[in-house]
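Hi,

Here is the structure I promised to pass on to you. Have a look at it first, and then read my notes underneath.

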2 protein chains.
Amino acid sequence: MTAPPRRFAVLASGNGTNVQALLDAQARGALAPAEIVVVGSNNPGAYALERARAAGVPAIAVDHKAYATRGDFEDALVAALAPHAPDAIVLAGFMRVLTTRFLDAFPLRVINTHPALLPAFPGAHAIEEALAAGVKVTGATVHFVDAGVDAGPIIAQRAVPVFAADAADDVRARIQAEEHALLPAIVRAFAEGRISCEGRRVTIAPRAADADQLL
Amino acid sequence: MTAPPRRFAVLASGNGTNVQALLDAQARGALAPAEIVVVGSNNPGAYALERARAAGVPAIAVDHKAYATRGDFEDALVAALAPHAPDAIVLAGFMRVLTTRFLDAFPLRVINTHPALLPAFPGAHAIEEALAAGVKVTGATVHFVDAGVDAGPIIAQRAVPVFAADAADDVRARIQAEEHALLPAIVRAFAEGRISCEGRRVTIAPRAADADQLL
C-alpha cells in the first residue's frame, strides 16, 4: 500500500468545464488534501488553460501535432508535467488516447471521466451514439485508465435521463452537471486514501467522521 | 396507424414476479384499457402459471423440450395462445429466444423486460456480468423485441445503484422493484396508444388529462 496521491495534474483538450469544477472545489477548500498542481493540454488554444491561469494554477501545452509519433508526444507530456511533480492525473475532457508509454509513468494513478455509463458507449461520440441507440438513461462514469479505450475499472457512475425531445447538447449539459459534482469528490476521496481497486471492482471507503456518506 | 393493442399475453419461464406485478395492477384497475388475457410458459412447472390461475387468468404451458426444433416450438406457442386472441405479448422473464417465426405473428407488438441498461449487458446473465464488470449503476430496460437478442427499440429504462457489498441477489431485487412499477405502466401506455416508435427512438406521449406525467 503506497501513500495516496496528493498532487494532481488535470489534462483537458477544450473548454474545460470539468477543470473549472475542480478549480472551484479547490478554491472553496473542498478538494484538500488533493491539490491541482498543474493543468495541461494537447491544444495550446484550449480554454481550459485560461481557466487554470485565472485560478493561479500553472498551465502547460504540449501540442500533439508537433510530434511525429504518439510515443514522442507522450514522452514530451510526461517531461512537461515533471517539474510540477504530480503523482496522479485526471483526464477531464482530454481527447487523446494515452498508451502505456504515458500510463506507466502513473500506474493506477490516471482517472478519466466519460459521458456514458460504461461499458456502454465508449469512444469519442458517446452522447451522439446513445441518442442514436434510443436509450432512455445514460450518465457519467469516472474510471481508472488502462490501455483500453474507456475500459479501466469503474470508480463511480451517475445516471441521467434522456427525454424524447433531447438534442445532444441537452444530454451533455445533464451529464456535465453530474460530472462537476462527482469528479472533485472522487479526487478528494483518492487523496484521502479511500479508493481501492481489486481486479475490476473499485471500493470507496466511507470517511471516518462521516460514515453514512460514500463521498 | 393501427389500433393499439388491448389483449396482452404474458410469457414467463420461472417464478414470475413481473407476472404478479401485472396481475396486481390489473386487479386494482391500474392496467386498463389493457387486459392480461393469458399467461404462458415454456416450463410446465413455472410458478408464474400458478400466479395466473390464482388471479383467475388462463394459464398455458408449451414445453419447448417436447419439440424437435425452435420453429416447431414457436408454432405450437402461437397456436396455444390463439384461442385467447392476444394482440400483444409481454415477455416477463421468458428465457427462450424468439425468432421471426413467433415475432412475425405480433409485429412490433412484443415487449420484453431486461435486467440491465441495454445496450449494456444483453443476454441471460446480465446481473452477474454487470457485477463482474464492476459497474456502479445498472438498471431495467423495457424494449420492443426484434430478431436480435435484447436488441430492439428501447421503450423505457430505470437506473439502480450497485453497492460495493452487493451480491447478484441484492442487485436483482433492486432491479425487480423498478420493473414491477415500470412494466404495468408501459403496458397501460401501450394500450392507450401513447407509445410510438420511429426507427430506434420510442416516444411515450403524455396522458391527455395528466400532461405532466409520462407514465
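How many cavities of 30 Å³ or more does a search of the whole structure find? The search turns up one. A cavity here is a set of points, on a 1 Å grid over the protein atoms alone, where a 1.4 Å probe fits but cannot get out. Points are joined across faces, edges and corners, and the volume is the space filled by probe spheres set on them.

Before going on, some ground rules: this is a predicted model, where local features need pLDDT of at least 70 and side-chain atom pairs count only at pLDDT 80 or more, while totals for chains, interfaces and linings use all residues. Residues are numbered from 1 along each chain as its sequence is written, chains are lettered from A in the order in which they are written, and side-chain values use heavy atoms, with hydrogens and water left out.

Back to the cavity. The largest cavity holds about 120 Å³ of space. Its lining has 18 residues (each with an atom within 4 Å of a point), and those closest to the centre are L117(A), A120(A), V137(A), L117(B) and A120(B). The lining splits into 15 nonpolar, three polar and no charged residues. For that split, Ala, Val, Leu, Ile, Met, Phe, Trp, Tyr, Cys and Pro count as nonpolar, Asp, Glu, Lys and Arg as charged, and the others, Gly among them, as polar.

Next, the place where the chains meet. Chain B and chain A each put 25 residues into the contact (heavy atoms within 4.5 Å). About 1,800 Å² is buried between them, and carbon and sulfur atoms give 58% of that. Buried area is the accessible area (1.4 Å probe) that two parts lose on being put together, summed over both.

What about salt bridges across this interface? The rule, a side-chain nitrogen of Lys or Arg within 4 Å of a carboxyl oxygen of Asp or Glu, finds zero between chain B and chain A.

Finally, some backbone details in chain A. Cis peptide bonds join A32(A) to P33(A), with omega about 10°, and L118(A) to P119(A), also with omega about 10°. P33(A) sits in the loop between α1 (17-27) and β2 (35-41); helices (H or I, at least four residues) and strands (E, at least two) are DSSP runs, numbered from the N terminus. A85(A) has a positive phi of about 50° although it is not a glycine.

Cheers

Conventions
On a 1 Å grid over the protein atoms alone, a cavity is a set of points where a 1.4 Å probe fits but cannot get out, and a pocket is an open set with protein on both sides within 12 Å along at least five of seven lines; lining residues have an atom within 4 Å of a point.
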